[in-house]
Amino acid sequence: MHGAGIPAWWEPLFERCSNRSIFLSPEWLRTWLEVYGGDFTGHWIHWEVDGAVVGGCLLTKRTVWRYFFRQRILSFNATGIAKQRTPLAEFNDLPFVSGHEEQILLDLADFLLQRGWDRLSLSGYEDSALLARVAALLPAYKIERDSRPAPYVDLTGFKETTVESALSGRYRSQMRKCREIYEQTLGAVALTRAETAQQAQAYFDELAQLHNDRWQKKGDEGSFQTPSVVQFHQRIIDRLWDKNAVDLLRIRAGETVVGCIYNFIDRGKVYFFQSGYSYDNNPNIRPGLLSQLMAIEDYRARDFVEYDFLAGDARYKRMFAKQHRVLHWTAVYRKSIWNRLFFFAKHIKSRLSARRTT
């Protein structure tokens, strides 16, 4: 699908649907197709009523080989396993105009039953999403599901108070101590926001370097060591900038960068996507926690309604977020002799591996 672009009906549908997210935006899908579309084939599917599009999706197909078996994998929208590492899309769904979801589901199930595939990948969806109901409409040999909490801060609950004042006493003490150390050794702590697209790209470069340095010290690979990922984000930042849908923040103590935060914005909601922090060996220095606190407080003061940490459990998320949703990643394996053989081969390989380790 490389270079295929997105159809003219997608943006009007995105603007009309109530289940939109930044990961379904025209800018996100267009950029994903430019960078990763060469790894996939697929179809744009849409539903019309009286000439108006009331639902749609991108259905991609990619073939992989595992245990000497071919796996034809279908995925929805900007998801799916590519040859290179890809950004993780969350809050995925089939965009639809309210009132047409039942017919869309029935038509989609019928369409899928007529296609050749071995595994259907349903990625990053909520319990309330249409994607949550797709699996139940298909005959499946096996269904695998990975569910992850997605914590968020309800900023509407802080009209009369600050985010910091709502933290536990221990965390408030840690934040005060951290801020004092920075101010005594480096200077006043302040948050700045990129004001131009060029400055946003510079902040992103700083963030990527800090992020990669941190993970390399842990002996792991950072998210921004893959060229295609860097290319994707450089393009998406430029595309979303004029729509005020992307935010790059820098937190400094004096002239020293403490951290950088990369967020997406849509209809008063903030999606925290990635970060990079400058760590040292002082256990009282918490650059990540202080940066997040300052970012969340800034959005609260500007009347945003929610700060979403996206999927994954972490101590720093639990520190700030008192609510969470659940996002699911589900693989539906079609009823077929090939999938039976595939799982048999997988079972045998697992048993052989277990014997080697005992």
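Where does Arg-267 lie? This close-up series of a predicted model starts there.

**Close-up 1. Arg-267 sits in a loop between two strands.** The strand before the loop is S8, residues 256–266. The strand after it is S9, residues 269–277. Phi of Arg-267 is near 50°. That is a positive value in a residue other than glycine. Arg-267 is exposed, because its relative accessible area of 52% passes the cut-off of over 50%.

**Close-up 2. Tyr-67 also has a positive phi, near 55°.** Tyr-67 is a residue other than glycine, too. Its loop runs between strand S2 (52–66) and strand S3 (69–76). Is Tyr-67 buried, exposed or partly exposed? At 25% relative accessibility, Tyr-67 counts as partly exposed.

**Close-up 3. The largest nonpolar core has 76 residues.** Six residues have the most contacts inside this core: Trp-28, Phe-76, Leu-112, Leu-120, Tyr-262 and Phe-264. Which helix gives the most to the core? Helix H7, residues 227–241, does so with seven residues. Another core lies apart from this one. That other core has 34 residues, among them Tyr-182, Ala-253, Leu-293 and Met-319.

**Close-up 4. Phe-264 touches residues from several places along the chain.** Residues up to four places away in sequence are not counted here. The contacts include Ile-22 and Trp-28. They also include Ile-236, Leu-240, Ala-245 and Val-246. Among the others are Lys-269, Val-270, Tyr-271 and Phe-273. Phe-264 is itself one of the residues with the most contacts inside the largest nonpolar core.

**Close-up 5. Ser-121 is found in strand S4.** Ser-121 is buried, with a relative accessible area of 15%. What does Ser-121 contact, leaving aside its neighbours within four places in sequence? The partners are Ile-73, Leu-74, Ser-75, Phe-76 and Thr-330. A polar contact of 3.3 Å joins the side chain of Ser-121 to that of Ser-123. Look at Val-332 as well. Ser-121 and Val-332 are 211 residues apart along the chain, yet their C-alpha atoms are separated by 6.5 Å.

**Close-up 6. Asp-118 is placed in the loop between helix H3 and strand S4.** Helix H3 spans 101–113, and strand S4 spans 119–125. Is Asp-118 buried or exposed? Asp-118 is buried, with a relative accessible area of 4%. Its contacts include Arg-70, Gln-71 and Arg-72. Others among them are Val-332, Tyr-333, Arg-334 and Asn-339. This list leaves out residues up to four places away in sequence.

**Close-up 7. Glu-27 and Lys-243 form a salt bridge.** The closest N and O atoms of the pair are 3.5 Å apart. Glu-27 lies in helix H2 (residues 26–36), and Lys-243 lies in the loop between H7 and strand S7 (246–253), so the pair ties together parts 216 residues apart in sequence. Glu-27 counts as buried at 8% relative accessibility. Lys-243 is partly exposed, with a relative accessible area of 43%. How many salt bridges does a search of the whole structure find? The search finds 25.

**Close-up 8. A salt bridge joins Glu-297 and Arg-300 within helix H8.** The N to O distance is 2.5 Å. Helix H8 covers residues 287–301. The two residues are three apart, about one turn of the helix. Arg-300 counts as buried at 18% relative accessibility.

**Close-up 9. Glu-306 and Arg-325 meet in a salt bridge.** Their closest N and O atoms are 2.9 Å apart. The pair links distant parts of the chain, 19 residues apart. Glu-306 is in strand S10 (residues 306–308), and Arg-325 is in strand S11 (residues 323–334). Glu-306 counts as buried at 11% relative accessibility. Which residues are linked with this pair in a network of salt bridges? The network holds Glu-126, Lys-269 and Asp-308, along with Glu-306 and Arg-325.

**Close-up 10. Ile-337, Trp-338 and Leu-341 make a nonpolar surface patch.** The patch is about 330 Å². Trp-338 lies in helix H10, residues 337–357. Trp-338 counts as exposed, at 55% relative accessibility.

Methods
Residues numbered from 1 in each chain as written. Predicted model: local features only at pLDDT ≥ 70, side-chain atom pairs only at ≥ 80, totals over all residues. Heavy atoms only, no water. Patch = residues over 30% accessible without salt bridge, like charges linked within 9 Å, V, L, I, M, F, W, Y side chains within 5 Å. Areas by Shrake-Rupley, 256 points an atom, 1.4 Å probe, with all protein chains shown as cover. Salt bridge = Lys/Arg side-chain N within 4 Å of Asp/Glu carboxyl O. Helix = DSSP H or I, 4+ residues; strand = E, 2+ residues; numbered from the N terminus. Buried < 20%, exposed > 50% of the residue type's maximum accessible area, 1.4 Å probe, protein only. Contact = heavy atoms within 4.5 Å. Core = buried A, V, L, I, M, F, W, Y, C linked by side-chain atoms within 4.5 Å. Polar contact = N/O pair within 3.5 Å; in protein donor to acceptor, adjacent residues only side chain to side chain.
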